Amino acid sequence: KNIKDKIKHNRFDDIKKYQLLLTKGAQLPPPLYISGRCINYIGGNVDDNLLFILDGARRITAHILNKCNPKILILDLKDNANKN
């Protein structure tokens, strides 16, 4: 109920659609995140340790409503400071 009251109607409909698909056993594409380190590498200026979602917020919410943990993809760069 709290989610429905705080987002646009079409976003809520998408979340409910994903939730139903997950309930039926569908395998949805994993949500995609990018690290601050990657963003800075391509010219950004953010904290290296932050994560930003690029795609999949509705799917994450549907997983939460179904009380299950999704597999996610995280784009990150290796820290070369500890290189031997």
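What follows is a working chat about the sheet, one helix and the salt bridges of a predicted model.

Colleague: Let's begin with the sheet: how many strands form it, and in what order?

Modeller: The open sheet is formed by three strands in the order β2-β1-β3, and their pairing is mixed. The edge strands, each pairing on one side only, are β2, covering residues 51-55, and β3, covering 73-75. From one strand to the next, the twist averages 30°.

Colleague: Which sense does each pairing of β1 take, parallel or antiparallel?

Modeller: With β3, strand β1 (residues 32-35) pairs in the parallel sense, over three bridges, whereas β1 and β2 run antiparallel and are joined by four bridges. As general background, the strands of a sheet pair through backbone hydrogen bonds, in either of these two senses.

Colleague: Which residue in β3 does Tyr33 stand opposite? And which is the bridge partner of Leu32 in β2?

Modeller: Tyr33 stands opposite Ile74 in β3, and on the β2 side the bridge partner of Leu32 is Asp55.

Colleague: What about Ser35, buried or exposed?

Modeller: Ser35, which has its place in strand β1, counts as buried because its relative accessibility is 3%, under the 20% cut-off. Setting aside neighbours within four places in sequence, Ser35 is in contact with Asp48, Leu50 and Leu51, and also with Leu75, Asp76 and Leu77.

Colleague: Leu51 is on that list of contacts. How exposed is Leu51?

Modeller: Leu51 sits in strand β2 and is partly exposed, with a relative accessible area of 46%. Together with Ile72 and Ile74, Leu51 makes a nonpolar surface patch of about 250 Å².

Colleague: Changing topic to helix α4: which of its residues are buried, and what do they pack against?

Modeller: The buried residues of α4 are Arg59, Ile60, Thr61, Ala62 and His63. They pack against two helices, α1 (2-6) and α2, and against the strands β1 and β2.

Colleague: Take Ile60, then: what is it in contact with?

Modeller: Ile60 lies in α4, which spans residues 57-65, and it counts as buried at 17% relative accessibility. Leaving out neighbours within four places in sequence, the contacts of Ile60 are Pro31, Tyr33, Ile53, Pro70 and Ile72. For the pair Ile60 and Ile72, the separation is 12 residues in sequence and 9.1 Å in space, taken from C-alpha to C-alpha.

Colleague: What happens just after α4, at Lys67?

Modeller: Lys67, just after α4, takes a positive phi of about 55°.

Colleague: Now the charges: how many salt bridges does the structure hold?

Modeller: The structure holds three salt bridges. In general, side chains of opposite charge can pair when their charged atoms come close. One of the three is between Arg58 and Asp14, whose closest N and O atoms are 2.2 Å apart. That pair links distant parts of the chain, with Arg58 in helix α4 and Asp14 in helix α2 (residues 9-23), 44 residues apart.

Colleague: Are Arg58 and Asp14 buried or exposed?

Modeller: Neither label applies, because Arg58 is partly exposed with a relative accessible area of 23%, and Asp14 is likewise partly exposed, also with a value of 23%.

Colleague: Which parts does the salt bridge of Asp76 and Arg37 tie together?

Modeller: The side chains of Asp76 and Arg37 meet in a salt bridge at 3.6 Å, N to O. Asp76 lies in the segment after β3 and Arg37 in helix α3 (residues 36-41), so the pair ties together parts that are 39 residues apart in sequence. Asp76 counts as partly exposed at 43% relative accessibility, and Arg37 is partly exposed as well, at 22%.

Colleague: And Arg59, which residue does it form a salt bridge with?

Modeller: Arg59 forms a salt bridge with Asp55, and their closest N and O atoms are 2.9 Å apart. Here Arg59 is buried, with a relative accessible area of 8%, whereas Asp55 counts as partly exposed at 41% relative accessibility. Asp55 is also the residue in β2 that we met as the bridge partner of Leu32, and Arg59 is among the buried residues of α4.

Methods: Residues numbered from 1 in each chain as written. Predicted model: local features only at pLDDT ≥ 70, side-chain atom pairs only at ≥ 80, totals over all residues. Heavy atoms only, no water. Pairing = 2+ DSSP bridges. Axes fitted to C-alpha atoms, helices over the stretch in contact; angles between N-to-C directions. Buried < 20%, exposed > 50% of the residue type's maximum accessible area, 1.4 Å probe, protein only. Contact = heavy atoms within 4.5 Å. Patch = residues over 30% accessible without salt bridge, like charges linked within 9 Å, V, L, I, M, F, W, Y side chains within 5 Å. Areas by Shrake-Rupley, 256 points an atom, 1.4 Å probe, with all protein chains shown as cover. Salt bridge = Lys/Arg side-chain N within 4 Å of Asp/Glu carboxyl O.
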